[in-house]
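Trainee: I am new to this structure. Could you show me how to read a sheet and the helices packed on it?

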Amino acid sequence: MTQALDDLLDLLDLEQIEENIFRGRSRSAIVPRVFGGQVAAQALVAAGRTIPGDRTAHSLHAYFLRMGDPGAPIVYTVDRIRDGRSFTTRRVVAVQHGQPIFHLSASFQTYEEGLEHQVEMPPAPDPETLPTAEEALPRHAHLFAHPGIAERMLKAREAVDLRYVAEPPWATAGERRAPRSQVWFRTNGKLADDPLLHVCLATYVSDMTLLDSVLLAHGRGGWAVGDVVGASLDHAMWFHRPFRADEWLLYDQESPSSSGGRGLGQARIYTRDGRLAISVIQEGVVRVPR
């Protein structure tokens, strides 16, 4: 396990300060706010700490309410909404400086057999044939708005091996492309066999690239290039089948619409052997600077 992954796992290991109340720290982000994937993953950890061990997460729905302060702790309060025979529901509110910054509803289920079908995995090259972030980002550093952005992006992604199938938005700014993006990802090191941990790591990564497809449709390079400003508004995930976040996962993303200063991204995450593991939808603010 790399030190970066060890630090990320430590970040997700929340401190319990009271019944149903947990406290988390933040890490330095690329931009001066808490990374949305971090607060979503931590909130899911808080919910999972109150769930019987025979139940696993099958869905989450979240709203990003305010910009998080990376210099202050985040307090997560869990509301035990329902404990049924098959399903358990939790609501989590993340608070900083006396104000809610994030709201999560998550549902957990006991394992059961049922009907099975899925959309087939789209074609994609083997992840080992694609450039790593360490190879790709320095190559595009001259395109970024400020010196040092490439290094900051590399630092923020040290715990995760994330590889673009095609050029990322910042590499082709000014060129409109189909609103479709694919990345392969896995953690940079092996994880324990805790299903909640793998779900939380996938939640963390899911917020990194989902709105790329919105940018591609308009030839925008993103915040790193400086031709848009944006932030996540809401985020939903459905966990269909077991997976491991330390094994390659294909994140197949597209944008069906952008309007009103907002962009919508939707995606499917597949295991390397073609099983549909997760569905994801996110809307975010995507504005052209004035």
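Trainee: Which residue in strand 9 stands opposite serine 59?

Mentor: Remember first that this is a predicted model. In general, strands of a sheet pair through backbone hydrogen bonds, either parallel or antiparallel. Here, serine 59 faces tryptophan 238 in strand 9. Alanine 62 has a bridge partner in strand 9 too: histidine 235.

Trainee: In which sense do strand 3 and strand 9 pair, and over how many bridges?

Mentor: Strand 3 covers residues 55-64 and strand 9 covers residues 229-239. They pair in the antiparallel sense, over five bridges.

Trainee: How many bridges join strand 9 to strand 12?

Mentor: Strand 9 and strand 12 are joined by 10 bridges and run antiparallel. One pair to find is alanine 236 with its bridge partner in strand 12, isoleucine 281.

Trainee: What is the order of the strands in the sheet?

Mentor: Read 1-2-4-5-6-3-9-12-11-10-8-7. That is an open sheet of 12 strands, with antiparallel pairing. Its edge strands are strand 1 (15-18) and strand 7 (160-164), each paired on one side only. From one strand to the next, the twist averages 25°.

Trainee: Now the helices. Which strands does helix 2 lie across?

Mentor: Helix 2 spans residues 36-48. It lies across strand 2 (21-24), strand 3, strand 4 (74-83), strand 5 (87-96) and strand 6 (99-110). Its direction is at about 50° to strand 6.

Trainee: And which strands does helix 5 lie across?

Mentor: Helix 5, residues 195-209, lies across several strands, among them strand 3, strand 9, strand 10 (249-259) and strand 12 (276-287). Helix 5 runs at about 145° to strand 9.

Trainee: How do I describe two packed helices?

Mentor: Give the angle between their axes and the distance between the axes. For helix 2 and helix 5, the axes come within 7 Å and cross at roughly 160°. Therefore helix 2 is roughly antiparallel to helix 5. The crossing is right-handed.

Trainee: Which residues of helix 2 and helix 5 meet?

Mentor: From helix 2, look for Gly36, Gly37, Gln38, Ala40, Ala41, Leu44, Val45 and Gly48. From helix 5, look for Leu196, Val199, Cys200, Thr203, Tyr204 and Asp207. By class, this contact has eight nonpolar, five polar and one charged residues.

Technical notes. Residues numbered from 1 in each chain as written. Predicted model: local features only at pLDDT ≥ 70, side-chain atom pairs only at ≥ 80, totals over all residues. Heavy atoms only, no water. Pairing = 2+ DSSP bridges. Helix = DSSP H or I, 4+ residues; strand = E, 2+ residues; numbered from the N terminus. Axes fitted to C-alpha atoms, helices over the stretch in contact; angles between N-to-C directions. Contact = heavy atoms within 4.5 Å. Parallel < 35°, antiparallel > 145°, perpendicular 65-115°, else oblique. Left-handed = near helix turned anticlockwise from the far one by under 90°. Nonpolar A, V, L, I, M, F, W, Y, C, P; charged D, E, K, R; others polar.
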